[in-house]
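Here is a walk through a protein model, starting from one side chain and working outwards. Keep the 3D view open and turn it as you read.

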Amino acid sequence: MGRWQNASRPRIDRLYVLEYWNTRMLRINELRLPLDHTPEALPQAIAQRLKIQPAELLEYTVFKRSYDARRGHPLTLIYTIDFQVRNEAALQKRLAHDNKIVATPDTNYYYVGQAPEQLAHRPVVVGFGPCGIFAALLLAQMGFKPIVLERGKEVRERTKDTWGLWRKNVLNPESNVQFGEGGAGTFSDGKLYSQIKDPRYLGRKVMAEFVKAGAPEEIMYVSKPHIGTFRLVSMVEKMRETIESLGGEIRFQQKVADVVIEDGAIRGLTLESGETLRCDHVVMALGHSARDTFSMLHQRGVYMEAKPFSVGFRIEHPQSLIDRARFGKHAGNELLGAADYKLVHHAKNGRSVYSFCMCPGGTVVAATSEPNRVVTNGMSQYSRNERNANAGIVVGITPEDYPGDVLAGVEFQRQLESHAFVLGGSTYEAPGQLVGDFIANRPSSQLGSVEPSYKPGVKLGDLSSSLPAYAIEAIREALPAFGRQIHGFDMPDAVLTGVETRTSSPVRITRGEDFQSLNVRGLYPAGEGAGYAGGILSAGVDGIKVAEAVARSILGH
């Protein structure tokens, strides 16, 4: 048997969900059981699948649990199981033809090196969102004692400022949904799944660190793990404490105003306070809303390019409607939780419309970081028990839609956000429209059965001028199509709230295979703002990769 990473792991359905170290095991993929199966049914199903006696099954762990809720199929749970048996060699020989039974891959994390006793200059991480947190954490764990510069405030102070906008219509441009400890991911659903390729299982490292910081154990094995905003706040604090205990230093309200570049290499950072920090390795873990920093880097000649992103609205339905449409008679089952969805429609005008950052049982939140602009986003707590489901309904756009220099996408976003501010009454309320009225191209004047959750509030009217005509046309076509996939999705009383513009960064700060800027040595663009991640998990994974690259560079590997 292998040893445990954390000896205090709880039992779940009378089995242990473990992370093994250096333990040889086999794996069963796609073991299906009914949704209402008993705890005893799982080991019985494993033994039956392996054609062995139950006593021959020595140990098993759940690596992953998902469900199949496709129409026309009974709703079933799907397990990936790691196990040990007596006489493993004989079992492998007997089941060699079965491609669903394989050797368990090594999912352990191995550090690329350890810092020397003396460092000429400590590495610096700019930004303390998910990418910056994991870059700093890995560097600290390897002994490099990083310095972190975060333009915003500590997470609890930042939370107060964020509520100031939501409750009092007062925006702090340096402390809000976008800026501050934890990054934009702190005020989100806390989703921890991604479609990135992850052959080294770095996502497991991210999950394991989150569990150490207080995340629920289930994120290690459920197919669509999430944490929720309130839990993220305390987790971020614990991860900060870990970094500091390993010699790292985290400085809040320290905005980087300039970079010092000499002979094509980074040599320092100038802070807004006027202080210059000498450094040779800088991780630029910017968020997608660090527009002033994008501009500064562009002015200093750091290579970057415009990239596609998406714009649209937030849509809200009763969560109960989504649950019934997705789960039928199983709606409300505690094991399934609040239902989500993922939708895409290819419109006749050539545009793709898709759901983005779906938040079951959540709220729509004000997410601007600049005065006199309105931006929407979605957020959920761990419980996902709010009345409404919400998601972005967005249209993909490319640099061809906003011609100009590399920062033209930023200006495009700003124009939409400024117009939304005016449509909402210039008070940080957001413009809104009922789905039935939007499809019929008539203004809304009165809410129906769906109460919008956006704070400070929603001003009903006509959203047709809030996005480019091609986007409005595509969304009008997509909503009835989505209604054919999820019954009631195009219900007339569902609410659209505008505008959703910050789906991803409008620029990519391009880097090479060594993770360094193409034309500035020692500068490591990372995470969502640099165009290399989208969401908490992928940003954390990118932070790990970049930290490894910094370590290799310092160590001369």
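Start with arginine 300, which counts as partly exposed at 43% relative accessibility. Keep in mind that you're looking at a predicted model. Arginine 300's side chain meets that of aspartate 258 in a salt bridge, 2.8 Å from N to O. The two come from distant parts of the chain, 42 residues apart: arginine 300 sits in the loop between helix H7 (291-299) and strand E16 (305-306), while aspartate 258 belongs to strand E12 (residues 256-262). Aspartate 258 is buried, with a relative accessible area of 18%; the cut-off for buried is under 20%.

Now go to another pair, glutamate 548 and arginine 200, whose side chains form a salt bridge at 2.7 Å, N to O. Glutamate 548 is in helix H12 (residues 536-555) and arginine 200 is in the loop between H4 and H5, so this bridge ties together parts that are 348 residues apart in sequence. How accessible are the two partners? Glutamate 548 is buried, with just 1% relative accessible area, whereas arginine 200 is partly exposed at 39%.

While you're at H12, follow the helix along. It has 20 residues and spans 29 Å from its first C-alpha to its last, close to the 28 Å expected at 1.5 Å a residue. Of those 20 residues, 15 are buried, so H12 is largely enclosed by the rest of the structure. What comes after H12? Glycine 556 follows, with a positive phi near 75°.

Back to the loop that holds arginine 200. The loop between H4 (155-168) and helix H5 (202-212) also carries glutamate 174. Glutamate 174 pairs with arginine 151 in a salt bridge, the closest N and O atoms being 2.8 Å apart. Arginine 151 lies in the loop between strand E10 (147-150) and H4, so the bridge ties together parts that are 23 residues apart in sequence. Here arginine 151 is the buried partner, at 13% relative accessibility, and glutamate 174 is partly exposed, at 26%.

Salt bridges can also join up into something bigger than a pair: Arg291, Glu370, Arg373, Arg414, Glu417 and Arg502 are linked in a network. How many salt bridges does a search of the whole structure find? The count is 34.

Arg502 from that network turns up again if you look at histidine 288, whose side chain reaches the backbone oxygen of arginine 502 at 3.2 Å. Histidine 288 lies in the loop between strand E15 (282-284) and H7, and it's buried, at 10% relative accessibility. A 3.1 Å polar contact joins its side chain to that of serine 289. Leaving aside neighbours within four places in sequence, histidine 288 touches several other residues, among them Gln178, Phe294, Pro506 and Glu528.

Finally, zoom out. The protein has 12 helices and 27 strands. Its radius of gyration is 25 Å, close to the 24 Å that the globule rule gives for 557 residues, so it's as compact as a globular protein of that length. The C-alpha atoms fill a box of roughly 70 × 65 × 40 Å along the principal axes. Of the 557 residues, 58% count as buried. Among contacts between residues at least 6 apart in sequence, 73% join residues at least 24 apart. As for the outside, the accessible surface comes to about 23,100 Å², with 49% belonging to carbon and sulfur atoms.

Conventions. Residues are numbered from 1 along each chain as its sequence is written. This is a predicted model: local features need pLDDT of at least 70, side-chain atom pairs count only at pLDDT 80 or more; totals for chains, interfaces and linings use all residues. Side-chain values use heavy atoms; hydrogens and water are left out. A salt bridge is a side-chain nitrogen of Lys or Arg within 4 Å of a carboxyl oxygen of Asp or Glu. Helices (H or I, at least four residues) and strands (E, at least two) are DSSP runs, numbered from the N terminus. Buried means under 20% relative accessible area, exposed over 50%, partly exposed in between (1.4 Å probe, protein chains only). The expected span of a helix is 1.5 Å times one less than its number of residues. The radius of gyration is taken over C-alpha atoms; the globule rule is 2.2 Å times the number of residues to the power 0.38. Contact means heavy atoms within 4.5 Å. Accessible areas come from the Shrake-Rupley method with a 1.4 Å probe; for residues, only the protein chains shown count as cover. A polar contact is a pair of N or O atoms within 3.5 Å; within protein, one must be able to donate a hydrogen and the other to accept it, and residues adjacent in sequence count only if both atoms are side-chain atoms.
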